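User: I'd like to go through this model piece by piece, with cut-offs spelled out as we go. Can you take my questions one at a time?

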Amino acid sequence: MNNQDVARVLEQLATMLEIDGANPFRVRAYREGGRIVGSLPQPVATLAAEAGALEALKGIGKDLAQKIRDLVASGSTELFDELKLRIPLEVVALTELQGLGPKRVQTLMTELKVKDRATLEAAAKAGKLRDLPGFGEKVEQNVLKALATAEQSSGRMLMAGAWGVAHELLARVKAVKGVHHAELAGSFRRRRETIGDLDVLATGGRAETVMEVFVTHPDVVDVLGRGDTKSSVRLRNGLQVDLRHVPDASFGAALLYFTGSKAHNIELRKRAIDKGWSLNEYGLTKGERTIAGRTEEEIYQALGLAWIPPELRESNGELELAAAGKLPKLIELDDIRGDLHMHSTRSDGKDTLEAMVKAARDRGLEYVAITEHSKVLPMTRGFDDARVAKSVAEIEAVRRAVPGIEVLHGLEVDILGDGSLDLGDEALGLLDWVVISLHTRLGMERDEMTSRVLRALDHPAVAAMGHPTARRIGQRDAVAIDLDAVFERAAARGVAMELSAQPDRTDLDDVNARRAAALGCSFVIDTDAHATSQLELMRYGVFTARRAGLSKNAILNTMPFAKLEERLAKRRTATPGKGVAPSKLAVPKAAKSKAGKPKAAGRAKSAAPTRKRSAK
């Protein structure tokens with residue numbers, strides 16, 4: 001088992017124990033163990049093989065360490081096997097549905113003998129949930145909606161869930177003696193947020209050896225088929241992977257074909273047919289003569305097109321842009337200079353303020369915004385006005401403690417039901433960066449929700465809107481809202497739309513991000529990290545931006561810090577809005593130089609002295 005496999009089982013164990021009514025401290029220990037293993041920078045198997053190495057990790061005791069060793073060695077533990085007999089994994093999966101935590105699932109098991117999604121759906125449709133303690137008709141309806149959402153995502157996996165093992169498989173194939181090329185294809189290469197399966201293409205080497213190496217990967221639990229040019233396997237995480245061994249002369253054609261999308265390929269074939277040619281996975285041909293096929297680039301060139309990045313291959317006008325030489329220069333991960341949405345242990349994060357800032361600096365970021373939650377969510381230990389005032393000194397302290405990176409004092413402020421913000425204007429005036437988000441009352445009617453959000457966008461303190469539709473892939477649909485109206489108001493107010501890099505959000509999605517861009521919005525790509533390990537998730541937000549056709553100029557956190565701060569200063573003193581007068585929400589005095597202009601920021605690598613801000 002790799003790190004993510006072990007972490008997943010520990011999380012499942014924690015949920016099983018909670019359903020079973022175990023001691024809360026024991027439950028918490030397994031959840032924390034899963035978090036620790038999932039964030040390890042080295043393979044957990046390496047630590048498991050070294051005496052005392054697991055026990056040396058903070059939060060991992062002797063008993064838990066042994067469970068981890070069992071998982072690494074055999075894929076299971078005695079406790080896991082025992083609990084599965086009473087609480088099947090199908091029941092554990094129910095806790096992932098919106099509105100169903102372990103306590104409610106325990107009630108469903110006890111009172112209605114629910115054992116999987118099918119029995120839950122039958123009970124909900126029969127109206128049996130509403131009379132259970134702690135449920136009611138509203139919960140029953142929400143469960144039915146959550147089941148419908150889950151059904152739409154059935155059989156698909158978050159790309160992030162496949163990322164690690166996909167690249168392990170690719171590296172394994174590339175390492176085979178004689179292999180010339182190997183690439184991942186399919187919707188994974190197009191960076192879709194979810195994938196149904198995984199395609200791997202390879203050329204060179206002995207096909208028999210390549211297939212043997214592929215089907216004997218440690219994560220393979222079932223060989224579905226094995227041949228001279230194609231093998232199919234199922235991995236431990238349920239993902240089906242197909243490997244195809246193709247000739248060098250056809251590699252580009254095969255990569256193009258198996259990357260897709262189907263609609264993109266159809267348009268390419270039409271273009272070939274118009275020239276009297278044929279295009280398939282073997283090459284671009286005219287009769288018996290091969291025109292191109294070794295690389296994608298030569299096929300596109302022969303068809304009169306610039307090479308099209310895989311993320312854009314969705315039949316959304318990309319061929320016309322490629323023919324005219326007008327394809328956008330898409331944002332790259334290396335273009336990101338800052339992360340403007342993250343949490344620490346001061347609210348619901350798992351790592352300290354200093355640890356989060358250090359980790360961001362060590363990843364090469366120039367700046368961050370620390371954005372704890374506001375008070376409406378008590379389970380997150382959200383900030384009220386007094387806590388924000390206290391936070392000013394904490395942010396200043398971390399600026400001194402961690403040189404080489406700029407730290408903005410921010411907050412993720414909830415949009416209340418009437419569109420007001422979950423923080424007073426005086427407290428908002430102490431902040432450098434305000435992200436507004438929807439976390440509560442997500443079932444409002446479309447018009448009411450739209451008015452709510454528009455009012456919040458009008459507040460002059462607001463810099464960005466976090467995960468704007470509040471969706472959770474496979475768990476919760478997007479809220480009902482007039483997004484065009486939201487995008488137009490955000491563009492008019494200078495409020496950036498967030499592209500969340502959290503894999504189960506990636507919200508806005510690429511379709512809505514395209515629409516927002518067309519209506520004049522700017523964007524930020526944020527991790528919404530709750531632990532240092534989540535800072536690496538930034539790639540998934542960048543993938544969404546690329547699929548939306550965005551260049552770095554559309555993304556605020558590709559700016560050098562001095563330019564970002566200048567933009568913030570201008571926006572907060574010029575936006576009329578309907579909230580507090582801009583003069584009351586000016587950028588804190590110490591954020592400006594004596595000349596009244598924003599200070600230039602040192603790059604993260606320079607370890608320049610940090611700026612000092614006043615609480616005034």
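User: Is Tyr367 buried or exposed?

Analyst: Keep in mind that this is a predicted model: local features need pLDDT of at least 70, side-chain atom pairs count only at pLDDT 80 or more, and totals for chains, interfaces and linings use all residues. Residues are numbered from 1 along each chain as its sequence is written, and side-chain values use heavy atoms, with hydrogens and water left out. The labels work like this: under 20% relative accessible area is buried, over 50% is exposed, and in between is partly exposed (1.4 Å probe, protein chains only). Tyr367 has a relative accessibility of 0%, so the label is buried.

User: What kind of aromatic pair do Tyr367 and Phe561 form?

Analyst: Rings of Phe, Tyr and Trp (its six-membered ring) pair if their centres lie within 6.5 Å, with planes under 30 degrees apart called stacked, over 60 edge-to-face and the rest tilted. There are six aromatic pairs in the structure. For Tyr367 and Phe561, the centres are 5.4 Å apart and the planes meet at 50°, which makes the pair tilted.

User: How many residues apart in sequence are the parts that this pair ties together?

Analyst: Helices (H or I, at least four residues) and strands (E, at least two) are DSSP runs, numbered from the N terminus. Phe561 is buried too, with a relative accessible area of 1%. Tyr367 belongs to strand S12 (residues 367–373) and Phe561 to helix H24 (residues 561–574), so the pair links parts whose sequence separation is 194 residues.

User: Which ring has the charged end of Arg191 over it?

Analyst: The test is that NZ of Lys or CZ of Arg is within 6 Å of the ring centre and within 35 degrees of the ring normal. Arg104 lies over the face of Phe135, 5.5 Å from the ring centre. Ring pairs also link Trp163, Phe188, Tyr540 and Phe543 into a cluster. The charged end of Arg191 sits 4.7 Å from the ring centre of one residue, Phe543.

User: How far apart are the C-alpha centres of domain 1 and domain 2?

Analyst: The bounds come from an automatic or database domain assignment. They give domain 1 (3–153), domain 2 (159–324) and domain 3 (333–573). Between the C-alpha centres of domain 1 and domain 2, the distance is 36 Å.

User: What span should helix H20 have?

Analyst: The expected span is 1.5 Å times one less than the number of residues. Its buried residues, including Met449, Arg452 and Leu457, pack against strand S14 (433–437), strand S15 (464–465), helix H21 (483–493) and strand S16 (496–500). H20 (residues 446–457) has 12 residues and its end C-alpha atoms are 16 Å apart, which agrees with the expected 16 Å.

User: Which residues does Lys67 touch, not counting those up to four places away in sequence?

Analyst: Contact here is heavy atoms within 4.5 Å. Lys67 is part of helix H4 (residues 62–74), and at 13% relative accessibility it counts as buried. With residues up to four places away left out, Lys67 touches Tyr30, Thr77 and Leu79.

User: How much of residues 338–417 is strand?

Analyst: UniProt, in an unreviewed entry, lists residues 338–417 as "domain: Polymerase/histidinol phosphatase N-terminal". UniProt positions follow the numbering used here, feature names are shortened, and annotations may be inferred rather than shown by experiment. The end C-alpha atoms of residues 338–417 are 31 Å apart, and the span is 34% helix, with a strand share of 22%.

User: What phi does Lys113 take?

Analyst: Helix H7 (residues 102–112) has Pro102, Val105, Thr107 and Leu108 as its buried residues. They pack against helix H1 (3–19), helix H2 (24–38), helix H6 (89–92) and helix H8 (117–125). Just after H7, Lys113 has a positive phi of about 60°.

User: What is omega for the cis peptide bond that joins Asp507 and Leu508?

Analyst: There's a cis bond from Gly260 to Ser261, with omega near 0°, and Ser261 lies in the loop between helix H13 (251–259) and helix H14 (262–274). Leu508 sits in the loop between S16 and H22. For the cis bond joining Asp507 and Leu508, omega is about 15°.
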